[in-house]
Amino acid sequence: MTENKYAFYLRKSRADLELEKKNPIDVLKNHELILNDLAKSLNITNIDIYREVVSGETISSRPVMQNLLKQIEQKQYKGILVVEIERLARGNTMDQGIISRAFKYTNTKIITPTKTYDPNDEFDEEYFEFGLFMSRREYKTINRRIQRGRLINSKKGLYVGSIAPYGYNRKKLKGEKGFKLIINPKEAEVIKTIFNLYLNENMGTTNIANYLNNLKIKPRKNNKWTASSIRNILQSPSIKGYITWNKRKSEKKLQDGNIITTRPINKNHILVKGIHQPIIDEETWNKVSNKIKSQKTPKTKAQTKVQNPLAGLIICSKCHKKMIRRPHKEYPDSLICPTKECKTVSSNLNVVEEYIIKSLQEYLKNYKYYLKIKPKPKEDNAINLITKEIENTKKQIEKSYELVEEEIYTPEIFTKRIKILNDKLKYLTQEKNNLEKQNKNLKYNKIRTYTPKLERVLKDYHNIPTNEEKNLFLSSVIEKVIYIKNNGGKNHKDDFTLKIFPKL
Ligand SMILES: [Zn+2]
């Protein structure tokens with residue numbers, strides 16, 4: 001590498017051309033001044049200047065860029081200075097890849113007034129997260145374009161997923177974009193067997209799974225078939241020759257202050273006839289589908305009805321299994337450990353339940369007292385204020401660019417201004433992270449959000465009509481309860497100890 005040599009790359013954007021039409025200014029000259037200033041502040045002196053006079057978007061239409069790339073590939077420069085990273089590559093992802101690789105493999109830095117990109121700094125998240133030159137917005141546009149392409153292809157009956165459904169392989173189409181499904185003969189045989197067993201032999205999904213497992217026929221990913229994997233096959237539209245797309249759409253939801261992603265069934269998903277061969281004819285598929293529907297509803301209803309208000313919450317101290325309800329005809333239900341040889345003694349379920357409620361009431365009293373005497377820590381408000389300040393600073397940075405483009409700022413003022421704003425942004429972001437960390441760990445905040453929840457549960461607990469709802473309420477405030485009871489007999493009837501873990 002030539003000792004400490006750097007280069008400027010200057011190129012007008014479309015917006016610049018518009019600007020020049022309206023105003024008598026020379027944008028490239030302006031950019032050069034900005035970069036000069038930036039170079040001065042970094043003590044860079046040995047500089048080549050590359051001026052792109054045409055304003056092409058692709059590398060092939062930018063001769064100066066081609067030349068610069070050649071020099072970079074020959075390791076001529078330590079770094080390239082540009083006013084914004086987008087000046088190097090925009091639009092075409094292939095071009096972005098070419099440029100990105102050239103910088104990466106020659107360890108050439110990209111230096112802008114706001115940030116220095118070091119291709120070999122693995123902590124330079126932006127570099128990895130978005131692919132070197134893609135600003136967030138551009139990334140989104142590209143992603144949208146891909147999604148739209150998939151949508152169009154699926155409407156044409158092509159297969160757009162990355163993994164073929166069971167029974168098929170993916171095959172690249174000749175001479176055009178996209179994939180189609182072709183039958184995997186071995187898997188197709190298994191599917192036919194499953195359908196036959198279910199429809200003609202009256203076997204349930206669990207029995208079919210066992211049958212296949214006994215024959216040592218394996219599913220694709222796992223070692224064994226399960227009732228639910230059999231059900232998935234029986235209900236897969238692909239095997240009757242259809243294509244689905246967007247059946248499960250990712251949705252972001254806010255839950256307890258955290259963003260969680262769910263993938264619920266999308267009712268408006270696409271279902272079209274594919275260009276692939278069906279394994280099962282539509283009539284048979286529909287028969288199976290109706291049979292599944294007719295059997296499913298009553299069964300699940302009975303299963304989901306929770307009759308134990310403590311279901312899933314009580315843990316046996318000896319074997320760590322979840323304790324269960326045992327109904328009796330003559331006397332009240334009891335709470336027992338499901339492990340046969342476990343020595344933990346059972347109790348009357350209602351007594352345990354009442355004991356838990358009483359303990360929770362004690363907790364509530366204590367928490368209320370704690371909140372009363374403990375001085376309030378730093379307001380959450382601080383985070384909101386800092387977030388706003390961060391947004392403002394980002395806007396100011398954007399504005400500075402506009403002002404220098406319009407020659408309201410001189411390049412010197414601009415560079416100073418940008419440095420101040422960037423330092424500020426860095427500081428604010430750090431501060432915000434710290435506050436968020438503190439907030440999360442703060443006992444005070446945990447108790448403050450927990451207390452009203454607990455109060456609500458306890459207030460109405462005895463008026464809750466069903467055990468299912470009682471269980472739901474308790475599960476919302478209790479993490480788990482460890483149950484200890486070693487002695488049986490009449491003298492030790494209520495001789496149990498509970499360790500309650502509140503869901504703080
Ligand atoms: Zn046990």
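Colleague: Is Asn-43 buried or exposed?
Modeller: Asn-43 is exposed, because 7 other C-beta atoms lie within 10 Å; a residue is exposed with 12 or fewer other C-beta atoms within 10 Å of its own, buried with 20 or more and partly exposed in between, the C-beta atoms being placed from the backbone. Please keep in mind that this is a predicted model, in which local features need pLDDT of at least 70 and side-chain atom pairs count only at pLDDT 80 or more, whereas totals for chains, interfaces and linings use all residues. The residues are numbered from 1 along each chain as its sequence is written.

Colleague: And where does Asn-43 lie?
Modeller: Asn-43 lies in the loop that runs between helix 2 (27-41) and strand 2 (47-52), where helices (H or I, at least four residues) and strands (E, at least two) are DSSP runs numbered from the N terminus. Although Asn-43 is not a glycine, its phi is positive, at about 60°.

Colleague: What sign does phi have for most residues other than glycine?
Modeller: Most residues other than glycine have a negative phi. Asn-202 is also not a glycine, and it has a positive phi of about 60°. Asn-202 lies in the loop between helix 7 (185-200) and helix 8 (205-214), and it counts as exposed because 9 other C-beta atoms are within 10 Å.

Colleague: Staying with helix 7, at what angle does it pack on helix 9?
Modeller: The angle between helix 7 and helix 9 (residues 227-234) is about 100°, and their axes are 10 Å apart, with axes being lines fitted to C-alpha atoms, for helices over the stretch in contact, and angles running from 0 to 180 degrees between N-to-C directions. That makes helix 7 roughly perpendicular to helix 9, a term for angles of 65 to 115 degrees, while under 35 is roughly parallel, over 145 roughly antiparallel and the rest oblique.

Colleague: Which residues meet there, between helix 7 and helix 9?
Modeller: On the helix 7 side they are Ile-191, Ile-194 and Tyr-198, and on the helix 9 side Ile-230, Ile-233 and Leu-234; two residues are in contact if their C-beta atoms, placed from the backbone, lie within 7 Å.

Colleague: How does helix 8 pack against helix 9?
Modeller: Helix 8 and helix 9 pack at an angle of about 105°, with 8 Å between their axes, and they are therefore roughly perpendicular to each other. Thr-205, Thr-206, Ile-208 and Ala-209 of helix 8 meet Ala-227, Ile-230 and Arg-231 of helix 9.

Colleague: Changing topic, in what order do the strands of the open sheet come?
Modeller: The order is 12-16-17, an open sheet formed by 3 strands with mixed pairing, where two strands pair if DSSP finds at least two bridges between them. Strand 12 (314-316) and strand 17 (497-502) are the edge strands, each pairing on one side only, and the twist from one strand to the next averages 25°.

Colleague: In which sense do strand 16 and strand 17 pair?
Modeller: Strand 16 (residues 478-484) and strand 17 pair in the antiparallel sense, over 6 bridges, and Lys-480 has Phe-501 in strand 17 as its bridge partner. Of the 6 residues of strand 17, the number buried is 0, so strand 17 lies largely in the open. Helix 11 (residues 349-373) lies across strand 16 and strand 17, and it runs at about 50° to strand 17.

Colleague: Back to helix 2, then: is His-31 buried or exposed?
Modeller: His-31, which lies in helix 2, counts as buried because it has 25 C-beta neighbours inside 10 Å. Leaving aside residues up to four places away in sequence, His-31 touches Leu-10 and Val-83. His-31 and Pro-411 are 380 residues apart in sequence, yet their C-alpha atoms are 8.2 Å apart in space.

Colleague: What about Leu-472, where is it found?
Modeller: Leu-472 is found in helix 15 (residues 467-477), and it is partly exposed, because 15 other C-beta atoms lie within 10 Å. From Leu-472 to Val-457 there are 15 residues in sequence and 9.9 Å in space, C-alpha to C-alpha.

Colleague: And the whole chain, how many helices and strands does it have?
Modeller: The protein chain has 15 helices and 17 strands, and 22% of its 504 residues count as buried. Among the contacts in the chain with a separation of 6 or more, 63% come from residues 24 or more positions apart.
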